[in-house]
Amino acid sequence: QVLNGLYPLLLNPNWRFFTIRNDSSLPKRLQATAYRWAQTDPSTPTLEPTEEVVLFPLLFTLEPNQSRQLRLGITAPPTPIEKTYRVIVEELPSPQTQNNQGTGINIRLAMSIPVFFQPKQPQSQPGITNSVNNKGKFAFNLTNTGNAHYIAKEIQVTGTDSSGKTLWQKSRQGWYVLANSAIPYGLELPKTDCQKVINLTVNLKTNTTNVSQSLPTPKGVCP
């Protein structure tokens with residue numbers, strides 16, 4: 001890893017410093033840009049340019065094994081709901097790579113740092129809604145009715161039979177779930193003993209709590 005930074009950044013009050021380090025053996029020219037961050041997908045952020053975030057410096061160079069502090073501030077006033085941003089720190093082409101264009105593949109690195117401008121009393125409210133099985137494809141929403149984000153650390157789906165015996169379990173990692181959002185997730189269910197599965201249970205493990213929801217499937221879950 002060439003660029004190192006500590007994240008996510010939690011802001012309360014509305015400014016802080018953070019450090020970027022170059023762990024490579026070559027100098028790196030870097031640029032920092034801030035975006036508003038919304039969420040409609042489990043893993044892909046929706047980013048929009050913003051003037052609510054002030055970064056200094058925006059352009060800088062790091063020598064090998066050198067660190068640099070950047071100052072980040074929020075100009076927007078605090079609100080009852082957490083504001084979310086992303087700072088993209090990306091490598092710019094060096095004069096050496098520009099001169100060598102056409103002679104090989106040049107890989108430039110970037111890192112995306114989540115930034116949370118917290119309300120006075122941040123509180124997430126994880127939930128699971130809209131569970132449905134459609135021919136072996138299980139879909140559900142991870143919701144957050146609170147005023148601050150949470151992290152879906154693990155999502156586990158368990159299929160049980162009429163006696164309550166576990167027939168199989170399937171897990172996947174989640175991601176951030178921002179305040180006031182509902183994020184769709186889906187899993188392809190195993191075909192093993194699919195006719196015997198009469199109940200599906202979703203267990204959500206977050207950084208603050210655990211939540212579960214069950215869905216009866218009296219006709220099984222076969223495709």
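In the predicted model, phenylalanine 17 is partly exposed, with a relative accessibility of 37%. The ring of phenylalanine 17 pairs with that of tryptophan 15 in an edge-to-face arrangement, with 5.7 Å from centre to centre and 90° between the planes. Tryptophan 15 likewise counts as partly exposed, at 39% relative accessibility, and the charged end of arginine 71 sits over the ring of tryptophan 15 at 4.2 Å from its centre.

The pair of tryptophan 15 and phenylalanine 17 is one of eight aromatic pairs found in a search of the whole structure. Another, formed by phenylalanine 116 and tyrosine 176, is tilted, the centres lying 5.6 Å apart and the planes meeting at 50°. Because phenylalanine 116 belongs to strand 10 (residues 110-117) and tyrosine 176 to strand 15 (residues 176-177), this pair ties together parts of the chain that are 60 residues apart in sequence. Phenylalanine 116 is buried, with a relative accessibility of 0%, and tyrosine 176 is buried at 10%. Both rings belong to a cluster in which ring pairs link Trp37, Phe116, Trp175 and Tyr176. Within that cluster, tryptophan 37 also receives a charged group, since the charged end of arginine 86 sits over its ring, 4.2 Å from the centre.

Five salt bridges are found in the whole structure. In one of them, the side chains of glutamate 91 and lysine 28 meet with an N to O distance of 3.2 Å. Distant parts of the chain are linked by this pair, glutamate 91 lying in strand 9 (residues 83-92) and lysine 28 in strand 4 (residues 28-39), 63 residues apart. Glutamate 91 and lysine 28 are both buried. Strand 4 also carries arginine 36, which forms a salt bridge with glutamate 52, the closest N and O atoms being 3.6 Å apart. Glutamate 52 is located in the loop between strand 5 (45-49) and strand 6 (53-56), and the contact with arginine 36 therefore ties together parts that are 16 residues apart in sequence. Arginine 36 is partly exposed, at a relative accessible area of 32%. A further salt bridge joins the side chains of aspartate 193 and lysine 196, at 4.0 Å from N to O; aspartate 193 is partly exposed, with 28% relative accessibility, as is lysine 196, with 44%.

Strand 11 (residues 126-134) and strand 12 (residues 137-144) pair in the antiparallel sense through seven bridges, and glycine 127 stands opposite threonine 143 of strand 12. Two residues lie between the strands of this hairpin, in which lysine 135 adopts a positive phi near 55°.

The largest nonpolar core comprises 23 residues, and those with the most contacts inside it are Phe138, Phe140, Leu142, Val157, Leu200 and Leu204. Two or more residues of this core are given by each of strand 12, strand 13 (150-160), strand 14 (166-172), strand 16 (181-188), strand 17 (199-206) and strand 18 (210-216). Strand 13 provides the largest share, namely four residues. When residues up to four places away in sequence are set aside, valine 157 touches Phe138, Phe140, Trp168, Gln169, Lys170, Leu187, Leu189, Leu200, Thr201 and Val202. Apart from this core lies another, of 22 residues, which includes Ile74, Tyr85, Val115 and Phe117.

Technical notes. Residues are numbered from 1 along each chain as its sequence is written. This is a predicted model: local features need pLDDT of at least 70, side-chain atom pairs count only at pLDDT 80 or more; totals for chains, interfaces and linings use all residues. Side-chain values use heavy atoms; hydrogens and water are left out. Two strands pair if DSSP finds at least two bridges between them. A nonpolar core is a set of buried Ala, Val, Leu, Ile, Met, Phe, Trp, Tyr and Cys residues joined through side-chain atoms within 4.5 Å. Buried means under 20% relative accessible area, exposed over 50%, partly exposed in between (1.4 Å probe, protein chains only). Contact means heavy atoms within 4.5 Å. Rings of Phe, Tyr and Trp (its six-membered ring) pair if their centres lie within 6.5 Å; planes under 30 degrees apart count as stacked, over 60 as edge-to-face and the rest as tilted. A charge sits over a ring if NZ of Lys or CZ of Arg is within 6 Å of the ring centre and within 35 degrees of the ring normal.
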